[in-house]
Amino acid sequence: MIIDFRMTAPVSTYMDPEEAKKMLPNCYMRGYVGKYEEVEMMTALTVDHLLESMESAGVDKAVLQSERAFGDHSKQNNAVYEIVKSHPDKFVAGYFAVNPQADED
């Protein structure tokens with residue numbers, strides 16, 4: 001059994017694609033998506049694409065994570081929760097980002 005311990009939710013599940021296209025080339029992700037085509041692809045990915053890529057790579061299960069360094073981590077946390085809840089056969093857990101300086105519920 002192969003378990004991917006660090007997988008992120010598709011950007012489309014927590015951010016407007018146009019906002020993401022502006023942010024991606026200038027954030028820590030720029031090392032992963034340097035070209036326009038890569039940014040376009042990254043903003044178009046869905047949960048179904050994620051599941052398909054897991055299948056084609058032979059990944060049986062994954063741990064899904066949220067990132068505080070890109071976008072609204074609260075929206076990412078919600079996306080991670082919903083994906084894990086919707087696909088318990090594929091995601092064994094999700095872990096969330098917190099901002100210790102924020103006054104959050």
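Biologist: What pattern does the protein chain follow along the sequence?

Modeller: In this predicted model, the protein chain reads β-α-α-α-β-α-β. That comprises 4 helices and 3 strands.

Biologist: How do you know that the strands form a sheet, and in what order do they stand?

Modeller: Two strands pair if at least two bridges are found between them. Strand 1 and strand 2 are joined by 4 bridges, and 4 bridges also join strand 2 to strand 3. Both pairs therefore meet the cut-off of at least two. The result is an open sheet with the order 1-2-3 and parallel pairing.

Biologist: What makes strand 1 and strand 3 edge strands?

Modeller: Strand 1 (3-8) and strand 3 (91-95) each pair on one side only. Neighbouring strands of the sheet are turned by 20° against each other on average, with direction ignored.

Biologist: Which helix packs on the sheet, and what does it touch?

Modeller: Helix 4 packs there, touching strand 2 and strand 3. Its direction makes about 165° with that of strand 3.

Biologist: Which residues stand opposite each other in the sheet?

Modeller: T8 stands opposite Q65 in strand 2, and D4 is opposite A62 of strand 2. On the other side, L64 has G94 in strand 3 as its bridge partner.

Biologist: Why is strand 2 called mostly covered?

Modeller: Of its 5 residues, 4 are buried. For the protein chain as a whole, 35% of the 105 residues count as buried. The chain exposes about 6,700 Å², and carbon and sulfur atoms supply 52% of that area.

Biologist: What makes a set of residues a nonpolar core, and how many residues has the largest one here?

Modeller: The members must be buried residues of the nonpolar kinds, joined through side-chain atoms within 4.5 Å. The largest such set has 19 residues. Those with the most contacts inside it are M7, V11, Y14, M54, L64, I83 and F91. Helix 3 (47-57), strand 2 (61-65) and helix 4 (73-86) each supply at least two residues of this core.

Biologist: What does M54 touch, leaving out residues up to four places away in sequence?

Modeller: M54 touches M7, V59, D60, K61, A62, K90 and F91.

Biologist: How many salt bridges does a search of the whole structure find?

Modeller: The search finds 2.

Biologist: Why is the meeting of K90 and E55 called a salt bridge?

Modeller: The cut-off is 4 Å between a side-chain nitrogen of Lys or Arg and a carboxyl oxygen of Asp or Glu. The side chains of K90 and E55 meet at 3.9 Å, N to O, so the pair falls within that limit. K90 lies in the loop between helix 4 and strand 3 and E55 in helix 3, so the pair ties together parts that are 35 residues apart in sequence.

Biologist: Is K90 buried or exposed, and what about E55?

Modeller: K90 has a relative accessibility of 17%. Buried means under 20%, so K90 counts as buried. E55 has a relative accessible area of 56%; exposed means over 50%, so E55 is exposed.

Biologist: What makes K85 and E82 a salt bridge, and how are they placed along helix 4?

Modeller: Their side chains meet at 3.7 Å, N to O, which is within the 4 Å limit and therefore qualifies. Being 3 residues apart in helix 4, K85 and E82 are separated by about one helical turn. K85, at 49% relative accessible area, is partly exposed. E82 is partly exposed too, at 39%.

Biologist: How do you know that Q76 is buried?

Modeller: Q76, in helix 4, has 3% relative accessibility. That is under 20%, so Q76 counts as buried. The C-alpha atoms of Q76 and S66 are 5.5 Å apart, with their positions 10 residues apart along the chain.

Biologist: Why is T13 called partly exposed?

Modeller: T13 has a relative accessible area of 31%. This lies between the limits of 20% and 50%, so T13 is partly exposed. T13 is found in the loop between strand 1 and helix 1 (17-23).

Biologist: What does T13 touch, not counting residues up to four places away in sequence?

Modeller: T13 touches V47, A79 and I83. T13 and A79 are 66 residues apart along the chain, and their C-alpha atoms are separated by 5.9 Å. Across the protein chain, 71% of contacts between residues at least 6 apart in sequence join residues at least 24 apart.

Methods:
Residues numbered from 1 in each chain as written. Predicted model: local features only at pLDDT ≥ 70, side-chain atom pairs only at ≥ 80, totals over all residues. Heavy atoms only, no water. Buried < 20%, exposed > 50% of the residue type's maximum accessible area, 1.4 Å probe, protein only. Contact = heavy atoms within 4.5 Å. Areas by Shrake-Rupley, 256 points an atom, 1.4 Å probe, with all protein chains shown as cover. Axes fitted to C-alpha atoms, helices over the stretch in contact; angles between N-to-C directions.
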